[in-house]
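Here is a colleague's note for someone opening this entry for the first time. Please read the numbered points beside the structure.

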Amino acid sequence: MSSINAISFSSLEKVTSSLSCFTSGTIPRRSTHSLAVGLSRLKPGEVGASTSGQLRKSVNRPPTPDVVENQEKQPTLQELINIKLIESGEKERLMELLRERLIECGWKDEMKSLCRQFIKKKGRNNVTVDDLVHVITPKGRASIPDSVKAELLQKIRTFLVSAAV
């Protein structure tokens, strides 16, 4: 077990020292020697050869991100509201309220019966979940009672006022 720790510790030291040379801008002595030997073998005009005696900058460097790209990644108001709802736990409470209200008004039973009718019509072996979702979703959304929608909307507005989003 101690040999494993010694191996991982020495590997960690190597990684740390190689990273420190990049951050400090210096190259360790042994790297400088091997680099000089490798460069001396290059002929002028070959890739990596430098006629002025200095090393060329990396060609494969990733592009610097523009300020415009960073501005585009700012979350929208809808995303901000969703984040606040999730962080506070309010989204889960609203989902539970919606489930309760839909069961109380009979919406869930209505959707079950629509699914059963569709399955009987097409045949049990000829229906996939995707088929059910595609057929039932528009009907389900249209049949949600306005009172349930209004109650949820009021709860969301109350949350937004209290959270000051």
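**Notes on the model**

1. Burial. Of the 165 residues of the protein, 12% count as buried. The model is a predicted one, so read each point below as a statement about a prediction.

2. Surface. The protein's accessible surface comes to about 14,100 Å². Carbon and sulfur atoms account for 57% of that surface.

3. Make-up. The secondary structure consists of eight helices and zero strands. Read from the N terminus, the order of elements is α-α-α-α-α-α-α-α.

4. Contacts along the chain. Take the contacts between residues at least 6 apart in sequence. Of these, 54% join residues at least 24 apart.

5. Helices α4 and α5. Helix α4 covers residues 77-88. Its axis lies 5 Å from that of α5, and the two pack at an angle of about 85°. An angle from 65 to 115 degrees counts as roughly perpendicular, and α4 and α5 are therefore roughly perpendicular to each other. On the α4 side, the contact uses Asn82, Leu85, Ile86 and Ser88. On the α5 side, Glu90, Lys91, Arg93 and Leu94 take part. By type, the residues of this contact are three nonpolar, two polar and three charged.

6. Helices α5 and α8. How do these two helices run relative to each other, roughly parallel or roughly antiparallel? Helix α5 spans residues 90-104, and helix α8 spans residues 146-163. Their axes come within 10 Å and cross at roughly 165°. Angles over 145 degrees count as roughly antiparallel, so α5 and α8 are roughly antiparallel to each other. The crossing of α5 past α8 is right-handed.

7. The α5–α8 contact. From α5 come Glu90, Leu94, Leu97, Leu98, Arg101 and Leu102. From α8 come Val148, Glu151, Leu152, Lys155, Ile156 and Phe159. The residues of this contact divide into eight nonpolar, no polar and four charged. Glu90 and Leu94 also take part in the contact between α4 and α5.

8. Leucine 152. This residue sits in helix α8. Is leucine 152 buried or exposed? Its relative accessibility is 16%. The cut-off for buried is under 20%, so leucine 152 counts as buried. Setting aside neighbours within four places in sequence, leucine 152 is in contact with Leu94, Leu97 and Leu98. These three leucines are among the α5 residues that meet α8. The C-alpha atoms of leucine 152 and arginine 101 are 9.9 Å apart. Along the chain, 51 residues separate the pair.

9. Alanine 163. This residue also belongs to helix α8. Its relative accessibility is 29%. Partly exposed covers the range between the buried cut-off, under 20%, and the exposed cut-off, over 50%, so alanine 163 counts as partly exposed. Its C-alpha atom is separated by 9.3 Å from that of serine 88. The two residues are 75 apart along the chain. Ser88 is one of the α4 residues in contact with α5.

10. Helices α6 and α7. Helix α6 covers residues 107-122, and helix α7 covers residues 129-142. The pair packs at an angle of about 140°, with axes 10 Å apart. Roughly antiparallel needs an angle over 145 degrees, and α6 and α7 are therefore oblique to each other. Their crossing is right-handed.

11. The α6–α7 contact. Trp107, Met111, Leu114, Cys115, Phe118 and Ile119 of α6 take part. They meet Asp131, Leu132, Val135, Ile136, Lys139 and Gly140 of α7. By type, the residues of this contact are nine nonpolar, one polar and two charged.

Key. Residues numbered from 1 in each chain as written. Predicted model: local features only at pLDDT ≥ 70, side-chain atom pairs only at ≥ 80, totals over all residues. Heavy atoms only, no water. Axes fitted to C-alpha atoms, helices over the stretch in contact; angles between N-to-C directions. Helix = DSSP H or I, 4+ residues; strand = E, 2+ residues; numbered from the N terminus. Parallel < 35°, antiparallel > 145°, perpendicular 65-115°, else oblique. Left-handed = near helix turned anticlockwise from the far one by under 90°. Contact = heavy atoms within 4.5 Å. Nonpolar A, V, L, I, M, F, W, Y, C, P; charged D, E, K, R; others polar. Buried < 20%, exposed > 50% of the residue type's maximum accessible area, 1.4 Å probe, protein only. Areas by Shrake-Rupley, 256 points an atom, 1.4 Å probe, with all protein chains shown as cover.
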